[in-house]
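This report examines how charged side chains and nonpolar cores are arranged in a single protein chain. The sequence and the structure are shown first.

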Amino acid sequence: VTAKPELVAELSQSEYNALKEKTFHLDTYCFDSKPEKKFFQDVVNSKDIKKIYFTGMLTHGQTDLYIQYIDPESNTVRNYYPDFLVEKTNGDYVIVEVKGDNKIEDPVVLAKERAARETATASKMEYKIIKGSQVMNGESNTIF
């Protein structure tokens with residue numbers, strides 16, 4: 001997995017030294033976008049969050065966290081790998097997707113969202129989708 005250096009977070013970086021118990025199930029996270037990395041940085045430092053896992057880079061069967069949905073373009077069953085799994089200090093779990101503003105109404109994104117909400121509800125979790133602009137405006141923690 002590769003990413004632009006400014007989109008990488010590594011456990012070995014000094015800013016993350018104190019956060020080992022809260023995150024980094026892998027030693028390196030490679031984010032797709034600045035909003036994804038900012039969301040991670042905002043939420044990992046929240047006192048209301050017990051753990052945060054970045055799962056968005058694991059899209060080739062490396063994780064058990066995926067949601068099956070029907071792709072509206074191909075009408076086939078596909079796997080959706082959400083960006084984050086967050087455990088709050090109260091024990092609740094939230095599946096989070098950070099999405100570019102221009103993709104929020106995309107039919108495939110909407111199909112993934114529907115399936116994720118159904119799966120989350122059945123698993124006593126929540127599913128949240130947040131726009132990249134909301135993250136960049138400092139609204140990451142408002143979804144919890």
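Glutamate 113 and arginine 117 are 4 residues apart in helix H2 (residues 107-122), so about one helical turn separates them. Their side chains form a salt bridge, with an N to O distance of 2.8 Å. Glutamate 113 counts as buried at 15% relative accessibility, whereas arginine 117, at 36%, counts as partly exposed. The model is a predicted one, and the distances and accessibilities reported here refer to that prediction.

**Salt bridges**

Across the whole structure, a search finds 6 salt bridges. Three of them, including the pair in helix H2, are set out below.

| Acidic residue | Basic residue | Closest N to O distance |
|---|---|---|
| Glutamate 113 | Arginine 117 | 2.8 Å |
| Aspartate 71 | Arginine 78 | 3.3 Å |
| Glutamate 87 | Lysine 50 | 3.8 Å |

The bridge between lysine 50 and glutamate 87 links two strands: lysine 50 lies in strand E3 and glutamate 87 in strand E6, so the pair ties together parts that are 37 residues apart in sequence. Lysine 50 is partly exposed, its relative accessible area being 44%, while glutamate 87 counts as buried at 10% relative accessibility. In the bridge between aspartate 71 and arginine 78, aspartate 71 is buried, with a relative accessible area of 4%. Arginine 78 is partly exposed, with a value of 42%.

**A buried lysine without a salt bridge**

Lysine 22 belongs to the loop between strand E1 (8-10) and strand E2 (28-30). Which side chain of opposite charge is nearest to lysine 22, and how far away is it? The residue is aspartate 48, at 8.7 Å, and lysine 22 has no salt bridge although it is buried. The cut-off for a salt bridge is 4 Å.

The side chain of lysine 22 instead has backbone oxygens as polar partners. One of its polar atoms lies 2.9 Å from the backbone oxygen of valine 44, and the side chain also reaches the backbone oxygen of serine 46 at 2.7 Å. Beyond its neighbours within four places in sequence, lysine 22 is in contact with Val44, Asn45, Ser46, Ile49, Lys50, Lys51 and Ile52.

**Nonpolar cores and helix H1**

In soluble globular proteins, nonpolar side chains tend to be buried together. The largest nonpolar core of this model has 22 residues, and those with the most contacts inside it are Phe31, Phe39, Phe40, Ile52, Phe84 and Val96. Two or more residues each are given to this core by helix H1 (34-44), strand E3 (49-54), strand E6 (84-88) and strand E7 (93-99). Helix H1 gives the most, with 4 residues.

Phenylalanine 39 shows how this core is connected. Apart from neighbours within four places in sequence, phenylalanine 39 is in contact with Ile52, Phe84, Val96, Val98, Ile130, Val135, Ser140, Ile143 and Phe144. A second, separate core has 12 residues, among them Tyr69, Leu85, Val108 and Ala111.

The buried residues of helix H1 include the nonpolar Phe39, Phe40, Val43 and Val44, and also Pro35, Glu36 and Lys37. At the N-terminal end of helix H1, serine 33 acts as a cap: one of its side-chain oxygens lies 3.2 Å from the backbone nitrogen of glutamate 36.

Technical notes. Residues numbered from 1 in each chain as written. Predicted model: local features only at pLDDT ≥ 70, side-chain atom pairs only at ≥ 80, totals over all residues. Heavy atoms only, no water. Buried < 20%, exposed > 50% of the residue type's maximum accessible area, 1.4 Å probe, protein only. Lys, Arg positive; Asp, Glu negative; His and termini not counted. Polar contact = N/O pair within 3.5 Å; in protein donor to acceptor, adjacent residues only side chain to side chain. Contact = heavy atoms within 4.5 Å. Core = buried A, V, L, I, M, F, W, Y, C linked by side-chain atoms within 4.5 Å.
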